[in-house]
Amino acid sequence: MSAGRLRVEWSPGSDRLTGICHCGARCTAEDPAAVWAWLLSHPDHDAS
Amino acid sequence: MAIARNQWYVAAYSEEVGEGLLARTICGEPLVMYRTGAGEAVALADRCVHRRFPLSRSNRDGDRIVCGYHGFTYAPDGACVAVPGQTRIPRTARVPAYQVVEQDSLVWVWIGDGTGDAAAIPRAPWLTSPDYVTVRGMEPLAARYELLVDNLLDLSHETYLHAGYIGTPEVAQTPITTEVDDEAGIVYVSRRMKDVECPPFYATSTGIEGRIDRWQDIEYHPPCFYLLHSRIAPTGVEPGPDGDDPRAFHVEVGYAIVPETDTTTHDFWWVARDFALDDADVSRFLHDSNRTVVLQDVEALDVLEKVIAAEPAGYQELSINIDTGGLAARRVLQRLTGAR
């Protein structure tokens, strides 16, 4: 993924969202607001 | 949320700006637009500096506007060049002239201070490409622009609001992928549907009778520019490795979501296609169908604006997976407006 890109994937067949930061860190959650908050906390990502 | 300033906004389609004096309010600023004899689009503040009379209700004298109330006369750069009954023109006799860029058959204006970077204006090359035919229009929306942004970033609403036109059950059922380019401030939302029902909008215009693969790839350039790259193909037909895709139908849907005031919006829309280029019936069908779809959104959002205006402050919305793109768009808009 290019620098500065934040990505959220919604897994088919699931309610889970996966957030992927431009630094490569990942999180999963079921709430898009929580995923964006996690992505925007870069570089201080909480474990998720 | 406030309206973002120091931004480019679409103010008109090129064909709207001509001999006449076109009045249009953009971001709360009343403009008058016209085209000079040399073909340049001009946008001036639509208020005579003397007694506020709208210049759009006035008259042209060549490339100049003569105020219809007392005759103050303005050049295309906004400078007053004549006043009635005296030779001295007051030093402050000038109306603001807006920076205008015309490209891809759209007239953009810079709303803000200083000079905008014309290179930052997003492109829509389909609108003037000989490989595409475009139908388009503009509808007034009695609702804040953020509601239309929300609407267009989450196309799952097609299933419910636009059933029988562009909505099928699979739209709402198919997961999306959302990406934000934080440096460029662009939001991408992608929904790739395989082996799904073909809605009437595409079945009638393309002639496809069976099931389809349907791609909806959104590209939102806040604050006002929205592109939906739509690909329709018989199920199983894939693009070639070099991107060549002759068996698919490509429809470039676009919107310019332009605030008129805090609670009203210009809803510019277009549909550009790379098939049936000479077929007037397809053009008519796509125009009428898409306008119907836009008006379905307008009706819903007009209602929503009234609901919001009447509710007490602090209403807590609920967001789910389908809102991932809309939430991303809100964040970028908040950054542009300086809102929290």
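Start in chain B and select helix H6, residues 324–337 (helices are DSSP runs of H or I, at least four residues, numbered from the N terminus). Its 14 residues should span 20 Å at 1.5 Å a residue, and because the end C-alpha atoms are 20 Å apart, the two agree. The expected span is 1.5 Å times one less than the number of residues.

This is a predicted model: local features need pLDDT of at least 70, side-chain atom pairs count only at pLDDT 80 or more, and totals for chains, interfaces and linings use all residues. Residues are numbered from 1 along each chain as its sequence is written, with chains lettered from A and ligands numbered from 1 in the order in which they are written.

Stay on H6(B). Color its buried residues, among them B:Leu327, B:Ala328, B:Arg330 and B:Leu333. Buried means 20 or more other C-beta atoms, placed from the backbone, within 10 Å of the residue's own. Step just past H6(B) to B:Gly338, where phi is positive, about 75°.

Next, select H1(B), residues 145–153, and H5(B), residues 280–310. They pack at an angle of about 130°, with axes 10 Å apart. H1(B) contributes B:Leu147, B:Leu148 and B:Asn151 to the contact. H5(B) contributes B:Asp297, B:Leu301, B:Leu304 and B:Glu305. Contact means C-beta atoms, placed from the backbone, within 7 Å.

Finally, show both chains. The contact takes 14 residues from chain A and 16 residues from chain B. On chain A, select strand E1 (5–10) and helix H1 (32–40); each supplies at least two residues of the side touching chain B. Strands are DSSP runs of E, at least two residues. E1(A) gives the most, with six residues.

Key:
A residue is buried if 20 or more other C-beta atoms lie within 10 Å of its own, exposed if 12 or fewer, and partly exposed in between; C-beta atoms are placed from the backbone. Axes are lines fitted to C-alpha atoms, for helices over the stretch in contact, and angles run from 0 to 180 degrees between N-to-C directions. Two residues are in contact if their C-beta atoms, placed from the backbone, lie within 7 Å.
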